[in-house]
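Please open the model in your viewer and keep the sequence panel beside it, so that each selection can be followed in both places. The tour goes from one stop to the next, and at each stop there is something to select and something to look for.

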Amino acid sequence: MSSAEKQNEFQLTQLSTRSNASKKVKKGQKSIHAQRVCCFAQGVTHKTVFKVFLDVSLTFIDYGFDIFLTYTFFKAQHSKWGTASIVVILLPGITCTVAQCIQDNTNREANRSWTRNFTWRGFGKVVVTLFCYPLWVLILGYQTLARIPDPRMMVHVKVWEGLLESSWQFLIQVVLFQFRTPIGHKIPFGLVYIPNGEFWFRVAGIVLSFCAFLYTVTEYHILLDGKVSQHKRQLKLAPFFTVNFLFRSLTLSLFWVYWKVPALIACVPLWLSNMWLTRKTLLSDLPDRANQHLTFCWVVGGMVSQLTPALALFYGQTANKKTINYFYRRNIRINNFLLLSIFSLLVLHLNLNPDDGSLLNRNVLLGCHKTGDPYSMDEFGIYDIEHFQQVNSTTHQLEIFGTNWTVREATSSEYQTPTDKNSTEYLYRPLYFIAHDCQPGQSPVEMFNYVAVPVIYGLGIISTLTSFCTFHMD
């Protein structure tokens, strides 16, 4: 082959290589343009848009429902639980406000007082994050689509709603469902007649809070791995968090139903132990790892990790395999030991008073009323003597779901009779479950021993076994 032919062959090879490279560049550009969504920032994909829309929508729905639920608590004279519900609704906002203040002051002069650092823009952020928490999630969602196509900041802010609001709202609703279960027809907004609508409304609220919590806690676990939008992985994590959450929330609900306010004594060691464990976990992490805002993390962790294994971290931080497994295992074992120990005291307390209807029939689903004995205010869930006398003689049997249940009518404080003479609303006067009559030879404590004891101990054993699971983090 002559030198001219070799030169021509070399030039043809170069042209072919450049052509292939050009095709690859164009193909890559086409794929980038194909992923980009119109009207949004570069890098925003359809997956990102769906993630933002889903999380913002769920936040508004759950937040709005919780506000309406709180209104029904006060309407039914659950003033203490209504107040607790307001506090729970504000918890995510309070957490985000504190975190926002910490974040805003991080880059400011340390020797300046907070009054000199005050700005109206910062004050506006405080108002939005504290009282309008869903709007803050919406703002972060907009920034994700319009500026920075990374939803992790929005997700981290949003998860406080599930970990601090939905979880505790679930517990509040389960407590009220056990000691004053409403039953009666309902006509929402005067449009649709729903038989036994009061009952189904409570069930729907419990289910909604549970689903919101489960979606959030699995999402948060994945976020600590530095990732988002892994729905298949969330489904795999769901059984682990479900077992632990149900065990803790159901056990705590029984404390509140039977012991009422003194149940706070049982919650204090849980809160303190979880704060201590969160702090210990972060301090014993890898020596070269800097854990930002440690105090914020262990204070929030004391509230978050009472009902579920969840390691509270500040924005932008992730956890490795060693840290997550260390915390989850000890969180489950410590909390389960405390809860099972306190529950054993409750079992002992109730079985030492097997015929005390005022104590045992506080749980209308697990107690029974001895025929011939007078009803007590605890059995009705009423603590005003005048209101109790109004409905003391209104108990009767009602067939619901194919079973006979004992019910009482609502008091004047629980239900206001319509003043309109043409109104038919009085036909749908609310009713409330009370403990059914005992069978011959049956003791009020029997249902508790047959149902609650095996369920709680069974869930406790399964929950403890989950502490041997190993999680892999990238």
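Begin by selecting phenylalanine 401, which lies in the hairpin of E3 and E4, where 2 residues stand between the strands, and which takes a positive phi near 55 degrees. Please keep in mind from here on that this is a predicted model.

**The sheet around the hairpin**

Next, colour the two strands of this hairpin, E3 and E4, which run antiparallel and are joined by 5 bridges. If you pick isoleucine 400, you can look for its bridge partner in E4, which is threonine 403. Now add strand E5 (residues 431–433), which runs antiparallel to strand E4 (residues 403–409) and is joined to that strand by 3 bridges. Here the residue to pick is arginine 408, whose bridge partner in E5 is tyrosine 432.

With E1 added to the selection, you have an open sheet of 4 strands in the order E1-E5-E4-E3, with antiparallel pairing. Strand E1 (182–183) and strand E3 (396–400) stand at the edges and have a single partner strand each, so one side of each is left without a neighbour in the sheet. In general, the strands of a sheet pair through backbone hydrogen bonds, and this pairing may be parallel or antiparallel.

**A buried isoleucine**

Move now to isoleucine 382, which you will find in the loop between helix H13 (377–380) and helix H14 (385–391). Is isoleucine 382 buried or exposed? Its relative accessible area is 6%, and because a residue under 20% counts as buried, isoleucine 382 is buried. Show its surroundings as sticks, and you will see that isoleucine 382 touches, leaving aside residues up to four places away in sequence, Met377, His387, Phe388, Val391, Arg408 and Thr411. If you draw a distance from the C-alpha atom of isoleucine 382 to that of threonine 411, the separation is 9.0 Å, although the two residues are 29 residues apart along the chain.

**Two helices in contact**

Select helix H6 (residues 152–179) together with helix H10 (residues 294–304), whose axes come within 10 Å and cross at roughly 35 degrees. Which residues make the contact? On the H6 side they are Trp160, Leu163, Leu164 and Trp168, and on the H10 side they are Val300, Met303 and Val304. Sorted by class, the contact of H6 with H10 has 7 nonpolar residues, with no polar and no charged ones.

**Aromatic rings**

For the next stop, show the aromatic side chains, among which the structure holds 28 aromatic pairs. Pick phenylalanine 296 and phenylalanine 314, whose ring centres are 5.3 Å apart and whose planes stand at 85 degrees, so the pair is edge-to-face. This pair links distant parts of the chain, since phenylalanine 296 is in helix H10 and phenylalanine 314, 18 residues apart from it, is in the loop between H10 and helix H11 (321–351). Both phenylalanine 296 and phenylalanine 314 are buried.

Then select phenylalanine 343 and phenylalanine 448, an aromatic pair that is tilted, at 6.1 Å centre to centre and with 40 degrees between the planes. Phenylalanine 343 in helix H11 and phenylalanine 448 in helix H15 (residues 446–465) are 105 residues apart, and this pair also links distant parts of the chain. To see a cluster, select Trp160, Tyr220, Phe296, Phe314 and Tyr315, which are linked by ring pairs.

**Charges over rings**

Finish with lysine 260, whose charged end sits over the ring of phenylalanine 179, 4.6 Å from the ring's centre, and with arginine 333, which lies over the face of phenylalanine 468 at 4.9 Å from the ring centre.

Conventions. Residues numbered from 1 in each chain as written. Predicted model: local features only at pLDDT ≥ 70, side-chain atom pairs only at ≥ 80, totals over all residues. Heavy atoms only, no water. Pairing = 2+ DSSP bridges. Axes fitted to C-alpha atoms, helices over the stretch in contact; angles between N-to-C directions. Contact = heavy atoms within 4.5 Å. Nonpolar A, V, L, I, M, F, W, Y, C, P; charged D, E, K, R; others polar. Phe/Tyr/Trp six-rings, centres within 6.5 Å; stacked < 30°, edge-to-face > 60°. Buried < 20%, exposed > 50% of the residue type's maximum accessible area, 1.4 Å probe, protein only. Lys NZ or Arg CZ within 6 Å of the ring centre and 35° of its normal.
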